Structures are given as C-alpha cells and as structure tokens.
Amino acid sequence: MSQASRAAEQQAAQRGLLAELLREFAELWAIIRLGAFATTIPQWIAAVELLLGEYAAMSATLAGDYYDEERDLARVGGRFTFPMPDAPPREKVEASLRWATKDLWIPEQQAPAPIEERLRVAEDKAGGAAQKIVADVGREAVLAAVDEDPQAIGWFRVAAPNACAFCRMLAIRGAVYQSEQTADFQAHNSCSCTAAPVFEGQTWEPPADVAEWRRMYEDSTKGERNKLKAFRRAVEGR
Ligand SMILES: [Zn+2]
C-alpha cells in the first residue's frame with residue numbers, strides 16, 4: 001500500500017469516527033427542552049463535553065497509531081514517542097457550543113425565526129462545531145509530532161473524496177515542509193481533513209484523485225480573480 005493510500009485510509013477512519021460522533025451527539029440534543037433552556041442547555045453542554053473528550057481521545061489514538069506505523073515504514077530510525085494531546089480545552093468546547101446555540105436566546109420582541117427552526121439550525125451548527133473540536137485534536141497532534149520529531153520533514157493535508165472546494169484547494173498544495181514556515185491547519189466546521197506526516201527520504205506524490213483536483217483547479221481558475229469561487233463552481237458542477 002502506498003503512502004497516499006495509507007493516508008487516505010487514515011482519513012476515512014477519522015471521518016468514520018466523526019460520523020459516529022454525530023450520531024451520539026444527536027441523541028444528546030434531546031436534553032435541550034423547549035421552555036427550559038436556562039437549565040437544560042448547561043446540562044447539554046456538560047454532556048457534550050464528556051462525549052467530545054471520549055472522541056478526542058479516540059481521534060488522538062488513531063492519529064498516534066498511524067503516525068507510528070508511518071514512521072516505521074519510513075525506516076528513519078531513532079526513537080520517538082508520539083505526543084498524546086490533551087483533551088479539548090473546556091473553554092473552547094463551551095465557547096463553540098454557546099456560539100452554536102446563541103440564537104435560541106433571541107427575545108421574542110425581536111421577532112426571531114420560529115423556535116423550531118432555530119433549534120434545527122443550532123443543532124446543525126453545534127454538530128459541525130463538535131466535529132471540528134474532535135478532528136482538530138487528531139490533526140493537530142500529527143502537526144505537533146512532525147514539529148518535535150527530528151526525522152519528520154513535513155506534512156500534507158488529506159481531504160475526503162467528496163471534500164468541499166476549500167479543502168481540495170488546500171490539499172492540492174501538497175506537502176508543507178518544515179523549512180517553510182509552519183502553516184496552521186485551516187479547517188471549517190464539519191471538516192474531516194487529516195494531516196499525514198512526511199519523513200526524511202520521502203517525497204509527497206499526489207494520488208490520482210488529488211492530481212485530478214489539481215487539473216480541475218488549474219482549468220477552472222484560469223484568468224479568474226476569485227479563484228476559490230471559480231473552483232467551487234467547478235467542484236459543485238455549476
Ligand atoms: Zn476539510
């Protein structure tokens with residue numbers, strides 16, 4: 001199996017974890033009761049915090065096992081211990097969940113959209129934010145490992161086969177080498193992109209689908225000022 005296909009397999013595993021998270025998350029949504037937001041929203045936040053802690057640990061374990069295996073296969077030698085990340089910070093979780101549910105608090109005098117609709121939107125936003133919190137733990141752990149590991153020279157982004165234009169655009173840029181400035185991992189809510197390490201002696205070769213995205217990007221953005229917009233149109237088949 002090639003480096004690229006192992007990376008795609010890891011991305012699929014992390015994506016599966018996020019899908020599972022969303023199913024459990026949907027069950028917890030029932031904690032929030034109409035007419036009792038002041039008591040039930042804090043209860044819900046506490047329950048989601050626990051859930052995210054569990055999933056973040058699973059994401060970190062998947063990422064760590066993958067990193068160790070890649071390191072073995074690269075035969076770079078030396079000892080390295082994958083830095084297991086902490087649980088997602090409580091403040092980050094709370095801030096995200098409060099942001100996602102803030103429209104539930106709009107007073108009736110301001111004539112907001114019907115509460116059923118705002119509940120639906122809030123659930124969607126909170127689910128996407130929860131997925132990002134978990135996914136961030138796995139991918140940031142890989143970035144931290146690359147940073148600390150003397151034998152790692154960079155990382156590349158792995159996007160899902162059906163990823164959005166934004167993620168594809170970042171994925172086709174290829175590996176970010178440490179000689180360059182360490183770039184942050186840019187991600188939107190619900191994004192399942194992962195980071196894959198590149199070790200001494202390896203070079204990143206784009207797999208067939210990424211090479212195809214690259215061609216599509218070049219074709220669709222030629223002469224366009226807003227490249228992301230043009231690429232998005234092409235990705236969405238408009
Ligand atoms: Zn993404």
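**A buried sheet, a nonpolar core and a one-sided helix**

Strand β3, spanning residues 194-199, is largely enclosed by the rest of the structure, because five of its six residues are buried. The model discussed here is a predicted one, and strand β3 makes a handy place to start looking around it.

The neighbour of β3 is strand β1, residues 152-158, and the two strands pair in the antiparallel sense over six bridges. Two of the facing positions are easy to find on screen. Gly154 has Val198 of β3 as its bridge partner, while Trp155 stands opposite Pro197 in β3. Strand β1 also pairs with strand β2 (residues 176-177), again in the antiparallel sense, here over two bridges. Trp155 appears in this pairing too, with Val176 as its bridge partner in β2. Strand β1 is itself largely enclosed by the rest of the structure, since seven of its seven residues are buried.

Trp155 leads on to the nonpolar interior. The largest nonpolar core comprises 57 residues, and Trp155 is among those with the most contacts inside it, together with Leu52, Ala130, Val134, Val142, Val158 and Ala171. The element that gives the most to this core is helix α4 (residues 115-148), which supplies twelve residues. Ala130 offers a good view of the packing: leaving aside residues up to four places away in sequence, Ala130 touches Leu21, Phe25, Val48 and Leu52. Of these contacts, Leu52 is, like Ala130, listed with the residues that have the most contacts inside the core.

Helix α6 (residues 208-221) invites a simple check of its geometry. At 1.5 Å a residue, its 14 residues should span 20 Å, and the end C-alpha atoms are 20 Å apart, so expectation and model agree. Which residues of α6 are buried? They are Val210, Trp213 and Tyr217. Viewed down the helix axis, the buried residues fall within an arc of 50°, and therefore line one face of α6. That buried set packs against two other helices, α5 (165-171) and α7 (227-235). The face turned away from the buried side tells the other half of the story, carrying the exposed residues Ala208, Ala211, Arg215, Glu218 and Asp219. After α6 comes Gly223, whose phi is positive, near 75°.

Methods
Residues are numbered from 1 along each chain as its sequence is written. This is a predicted model: local features need pLDDT of at least 70, side-chain atom pairs count only at pLDDT 80 or more; totals for chains, interfaces and linings use all residues. A nonpolar core is a set of buried Ala, Val, Leu, Ile, Met, Phe, Trp, Tyr and Cys residues joined through C-beta atoms within 7 Å. A residue is buried if 20 or more other C-beta atoms lie within 10 Å of its own, exposed if 12 or fewer, and partly exposed in between; C-beta atoms are placed from the backbone. Helices (H or I, at least four residues) and strands (E, at least two) are DSSP runs, numbered from the N terminus. Two residues are in contact if their C-beta atoms, placed from the backbone, lie within 7 Å. Two strands pair if DSSP finds at least two bridges between them. The expected span of a helix is 1.5 Å times one less than its number of residues. The arc is that of the directions from the helix axis to the C-beta atoms.
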